There are 4 protein chains.
Amino acid sequence: MGLENYRRSVSDAKCAAILKAGRDNFLRDGYSRAAVAEIARDADVSTATLYKHFTSKEELFAAVVKDAYLVGEYEGIPENVSVEDLLVNVILRYLHSQYERQINALLRIVIAEVPSAPQLGRDMFENFVTTRYRDLASILDRLVARGLLKQQDTQYAVRLLGGIVKEYFVWPALFEANKTLPADTEAIVRQAVRDYVLLYGA
Amino acid sequence: MGLENYRRSVSDAKCAAILKAGRDNFLRDGYSRAAVAEIARDADVSTATLYKHFTSKEELFAAVVKDAYLVGEYEGIPENVSVEDLLVNVILRYLHSQYERQINALLRIVIAEVPSAPQLGRDMFENFVTTRYRDLASILDRLVARGLLKQQDTQYAVRLLGGIVKEYFVWPALFEANKTLPADTEAIVRQAVRDYVLLYGA
Amino acid sequence: MGLENYRRSVSDAKCAAILKAGRDNFLRDGYSRAAVAEIARDADVSTATLYKHFTSKEELFAAVVKDAYLVGEYEGIPENVSVEDLLVNVILRYLHSQYERQINALLRIVIAEVPSAPQLGRDMFENFVTTRYRDLASILDRLVARGLLKQQDTQYAVRLLGGIVKEYFVWPALFEANKTLPADTEAIVRQAVRDYVLLYGA
Amino acid sequence: MGLENYRRSVSDAKCAAILKAGRDNFLRDGYSRAAVAEIARDADVSTATLYKHFTSKEELFAAVVKDAYLVGEYEGIPENVSVEDLLVNVILRYLHSQYERQINALLRIVIAEVPSAPQLGRDMFENFVTTRYRDLASILDRLVARGLLKQQDTQYAVRLLGGIVKEYFVWPALFEANKTLPADTEAIVRQAVRDYVLLYGA
DNA sequence: CATGAATGAGTATTCATTCAT
DNA sequence: AATGAATGAATACTCATTCAT
């Protein structure tokens, strides 16, 4: 079994190297301009090896995107904080993760490929929008249950919050490469949360 | 001058034909996949003529994008309507214009090209986001002046409204080709405006 | 019209050069091994130009094959010769044409591609077998009409003659590259014709 | 010796599996398009093992072809039948063997490879043409010796028969994949033999 | 002895751009 | 001024063969 394990580990390492090189290249050049040969070269692998692991450029890109989903987030909700602080905290964690992992740049490319790879668009929407909204809605539901927020349509409430957050932090990042979170991020988030609490707070 | 005028008008007609063919091709195939030769063919022009008018594919695309800015919108603000109705009306006009002119599909392509054509991204952001927000803010300012809305930071108010509208009507359209405005568009817009008026109404 | 004519003549010349280079390469290397890039280079043309003229390697090959059909043959039948001499003469003309134009080598390649390009096989069979047999049958029919041959099934008679001729002169050429007509060709053909006349002569 | 025998038998089995898989692949895809990796997979062997048995794709193909020679044919000549029936019988056995064993498809591939593998062409010609003709000639010789046929050049006679048989049953099969023996095969063979007997019968 | 991962050289085809006419 | 033929560089993908384990 030593041989098999050895092979698997080598293979996994190459696969990871390809994914990383692919990610870098796609982020830098976009999907169409990124060259499979260069990705292979950057990963210190022959193109043929790359094609052993991923049967096409498209599949490699899909794998790169899927790879971005994998990081788990915000398990517990801390007690003893105000509703406002809690929501600000949750949203800031979203945002930092989004920026650190360069999800915005990835979004750009996926959006560009929506007409030719619709499934990829749907998947990414599901994973980066719908799922997060589900998580946030469940938090709001619990706060409602605890009497800390009014009865409300949490589906809509989530989108209200999400809308203003995207407005400030995602939308501009789509139109400018290498955007970083602005200095007044927390202030803006806090303002948005405050409005929300004004409307829907207990 | 007759000959010169004739020549100019022919030239302008060709230019318009190229822009239209370019628009169609870019919208259908995206930037990279769209072929200059096909655009020229669709415009009934030789490739050389196309290159006389636009020095590169990139410039042609930029011109196509700029062309989309040109359509004027919502001149007058009707009097004698409630603040709510007025805002709903204005927003719906934005949305219909956005969908009818396929701005979402164009946005997709511009977004994709942001890393390689940053100026284009900035321009489009300026023209489709900032400008509109300025218009809307001036409307809000006037409403504040008339005492129909509270004193407020209209810059922020506009983005609150814009965020929720994009959340529902632009964001999903980026991730799905050929999306049309949903049937309950007006209801959603009205709900958003109602929330806004609750917070900032006089 | 000078420009147009000039362009056409240049274009035709290039087309001919490509066909010739294609023919040479296919004959030397077979279909699969022949490289489009090398054909283009031999024809002093870029690959893109080659693809303007022929939309694919397969189409180029088909054109090369079709080109081989184009040479017209044996219009008149001389009078005042014996039936035997006449037939020997006709058959020898077939054979020389077949060898000079390297039809055998072309046949080899077409045969190889029959599973993947069945239409090409059918076309070549039609043009190099069926058509010739029709010509020869019409000759035999006229000889029968003149009373120089017995009443007979000329369809079958033609295939009897064709079979023996292929047996000696085509079949071996399929299995050996650059085969030339053997020295005793005429003697063998004469023997075959003699047998035929023994069976079917008046 | 038990272990050695076991090993040899395993090795032989693998070799046979490779040959069979090779045959199937070459027949299906032709020489160039057939992929060594797929042959190995079909044979349940690693590519390295395949290369242990056959040092190159070309050699494997040669072995596949040689394998087709190995089936023995028509040992005894029945007595007490007419010359005509005897010859018809012999020829039909040739033909059925040729079609059942897909020799025509194999011929196609060998013919295609003649320029690059001339020896293979010569071998196949020797084994599928010359050898058979020798067998048939020896039968004719015996018939002449028994006084059932005239004195004759049996070399030539054999090719007369062979020519007409190929004309009807091999030649068309080269130009059409998956051809089967036509329904009137026996009638045609009988007609050919009858002509031959007319010419050369006692 | 057997493996299968890895390779490098090669393939057909495309496209933005130029230039002789 | 307008053409459209021509190009050269690039691209995704394949495959016979080898070699470390």
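Which helices each supply at least two residues of the surface near DNA strand F? Helices here are DSSP runs (H or I, at least four residues), numbered from the N terminus. Near means a heavy atom within 4 Å. The answer: H1 (2-33) and H3 (47-53) of chain A, H3 (47-53) of chain B, H1 (2-33) and H3 (47-53) of chain C, and H3 (47-53) of chain D. H3(C) gives the most, with five residues.

A word on the source. This is a predicted model: local features need pLDDT of at least 70, side-chain atom pairs count only at pLDDT 80 or more, and totals for chains, interfaces and linings use all residues. Side-chain values use heavy atoms, without hydrogens and water.

Back to the DNA. There are 33 residues around strand F, and A:Tyr51, B:Ala48, B:Thr49, C:Arg7 and C:Ala48 come nearest. Of the strand F atoms within 4 Å of the protein, 57% belong to sugar or phosphate. The rest belong to bases. Phosphate oxygens lie 2.7 Å from a side-chain N or O atom of A:Lys57, 2.7 Å from one of D:Tyr51, and 2.8 Å from a polar backbone atom of D:Val36.

Now chains D and C. Each puts 40 residues into the contact (heavy atoms within 4.5 Å). They bury about 3700 Å², 66% of it on carbon and sulfur atoms. That is accessible area (1.4 Å probe) lost on being put together, summed over both parts. D:Tyr156, D:Trp171 and D:Phe175 supply 21% of what chain D buries here.

Six salt bridges cross this interface (Lys or Arg side-chain nitrogen within 4 Å of an Asp or Glu carboxyl oxygen). One joins C:Arg33 and D:Glu113, at 3.1 Å, N to O.

Note on methods
Residues are numbered from 1 along each chain as its sequence is written. Chains are lettered from A and ligands numbered from 1 in the order in which they are written. A polar contact is a pair of N or O atoms within 3.5 Å; within protein, one must be able to donate a hydrogen and the other to accept it, and residues adjacent in sequence count only if both atoms are side-chain atoms. Buried area is the accessible area (1.4 Å probe) that two parts lose on being put together, summed over both.
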